[in-house]
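User: I should like a close look at one pair of packed helices, followed by an account of the parts around the pair. Please explain each technical term when it is first used.

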Amino acid sequence: MRILLVEDEARLAGLVRRGLDEEGHAVDLAGSAEEALDWLAAAGAEYDAIVLDVMLPGRDGLDLCRHLRQTRVSTPILLLTARDAVADRVAGLDAGADDYLVKPFAFAELSARLRALARRPAETLGVALEAADLRLDPATRRVWRAGQDVSLGNKEFRILEVLLRHPNQVLTRAAIAEHVWDYDFPSATNVIDVHVRALRRKLDDPYPGKLIQTVRGVGYRLSTGES
Ligand code: CA
């Protein structure tokens, strides 16, 4: 998943970010509501979840949450609130947050809540993605081609996921990189080529129908075979 983490406490933010990184998520970190809005403007509506601390310098998390919902950002939001701040939690849910977690929390719980949130909007996540005889289940992280299990590395899986979410569209290497790595990943394009080669070896080479197409000078496209 691609996650926006909004938290001004550097130590906690660093811990959470590292934990999410290790689980294979791409994390952008904002230290204030304003920075969060910058990330959101840069990334469009491409985040799968926002982890939002209530206590922020300047505009607080509740205010940002309310603003996002008013501007029709529907990305799932997990609020981080202070202990015993019942009023915050009620206000947070009223402001349009999907869930909250009370500080201090165990990372495992944050991770579990995020998985639950990602499963919630059935139209975008949690539902198996399909193209021709290829199938990918984001919830279980499994992939099948022609009914056969295909074992993919973490980056391969995420590249395939982003291609499948945009069937028949050409995605530039930069666009793919944004989904798979953080923004600050230094020039990921060559690395993407390597991973796409590996994907093809596993997904396309053994089968007559080739699904991953190279668009010379532009990027890659996943063909559903219908166009
Ligand atoms: Ca804070």
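Is the crossing of H2 and H3 left-handed or right-handed?

Analyst: The crossing of H2 and H3 is right-handed (the near helix is turned clockwise from the far one by less than a right angle; anticlockwise would be left-handed). The model is predicted, with local features requiring pLDDT of at least 70 and side-chain atom pairs pLDDT 80 or more, while totals for chains, interfaces and linings use all residues. Residues are numbered from 1 along each chain, and side-chain values use heavy atoms, without hydrogens or water.

The helix pair comes first. The axes of helix H2 (residues 33–43) and H3 come within 10 Å of each other and cross at roughly 30 degrees (axes are lines fitted to C-alpha atoms, for helices over the stretch in contact, and angles between N-to-C directions run from 0 to 180 degrees). H2 and H3 are therefore roughly parallel (under 35 degrees; over 145 is roughly antiparallel, 65 to 115 roughly perpendicular, the rest oblique). On the H2 side, the contact is made by Ala-33, Ala-36, Leu-37 and Leu-40, and on the H3 side by Leu-64, His-67 and Leu-68 (contact means heavy atoms within 4.5 Å).

These two helices belong to a protein chain that has eight helices and twelve strands (DSSP runs numbered from the N terminus: H or I of at least four residues, and E of at least two). Of the 227 residues of the chain, 46% count as buried (under 20% relative accessible area with a 1.4 Å probe, protein chains only; over 50% is exposed, in between partly exposed). Among contacts between residues at least 6 apart in sequence, 56% join residues at least 24 apart.

H3 also leads to a sheet. Five strands, in the order E2-E1-E3-E4-E5, form an open sheet with parallel pairing (two strands pair if DSSP finds at least two bridges between them). The edge strands, each pairing on one side only, are E2 (26–30) and E5 (99–102). On average, neighbouring strands of this sheet are turned by 20 degrees against each other, direction ignored. Strand E4 (residues 77–81) is joined to E5 by four bridges, and these two strands run parallel; Thr-81 has Val-102 as its bridge partner in E5. Helix H3 (residues 61–70) packs on the sheet and touches strand E3 (49–53) as well as E4. The direction of H3 makes about 150 degrees with that of E3.

Strand E1 (residues 2–6) belongs to this sheet too. Five of its five residues are buried, so E1 is largely enclosed by the rest of the structure. Both faces are covered: Arg-2, Leu-4 and Val-6 are buried on one side, and Ile-3 and Leu-5 on the other. E1 and E2 run parallel and are joined by five bridges, and Ile-3 has Val-27 as its bridge partner in E2.

The loop between H2 and E3 contains Asp-48. This residue is buried, with a relative accessible area of 19%. Asp-48 and Pro-76 are 28 residues apart in sequence, yet their C-alpha atoms are 7.0 Å apart in space.

The calcium site should also be described. Glu-7 (OE), Asp-8 (OD), Glu-9 (OE), Asp-53 (OD) and Met-55 (O) coordinate the calcium ion at 2.1 to 2.9 Å (donors are N, O and S atoms within 2.8 Å of the metal, or 3.2 Å for Na, K and Ca; water is not among the atoms, so sites may look incomplete). Asp-53 counts as buried at 2% relative accessibility, whereas Met-55 is exposed at 58%.

A second helix pair may be set beside the pair in question. The axes of helix H6 (residues 154–165) and helix H7 (residues 173–180) come within 9 Å and cross at roughly 120 degrees. That angle makes H6 oblique to H7. The crossing of H6 and H7 is right-handed. H6 contributes Lys-155, Arg-158, Ile-159, Val-162 and Leu-163 to the contact, and H7 contributes Ile-176, His-179 and Val-180.

H6 has a sheet of its own to consider. Four strands form an open sheet in the order E6-E7-E8-E9, with antiparallel pairing. Its edge strands are E6 (129–131) and E9 (148–150), each of which pairs on one side only. Neighbouring strands here are turned by 25 degrees against each other on average, direction ignored. Strand E8 (residues 142–145) pairs with E9 in the antiparallel sense over three bridges, and Trp-144 has Asp-149 as its bridge partner in E9. H6 packs on this sheet, touching E6, strand E7 (134–137) and E8, and its direction makes about 110 degrees with that of E7.
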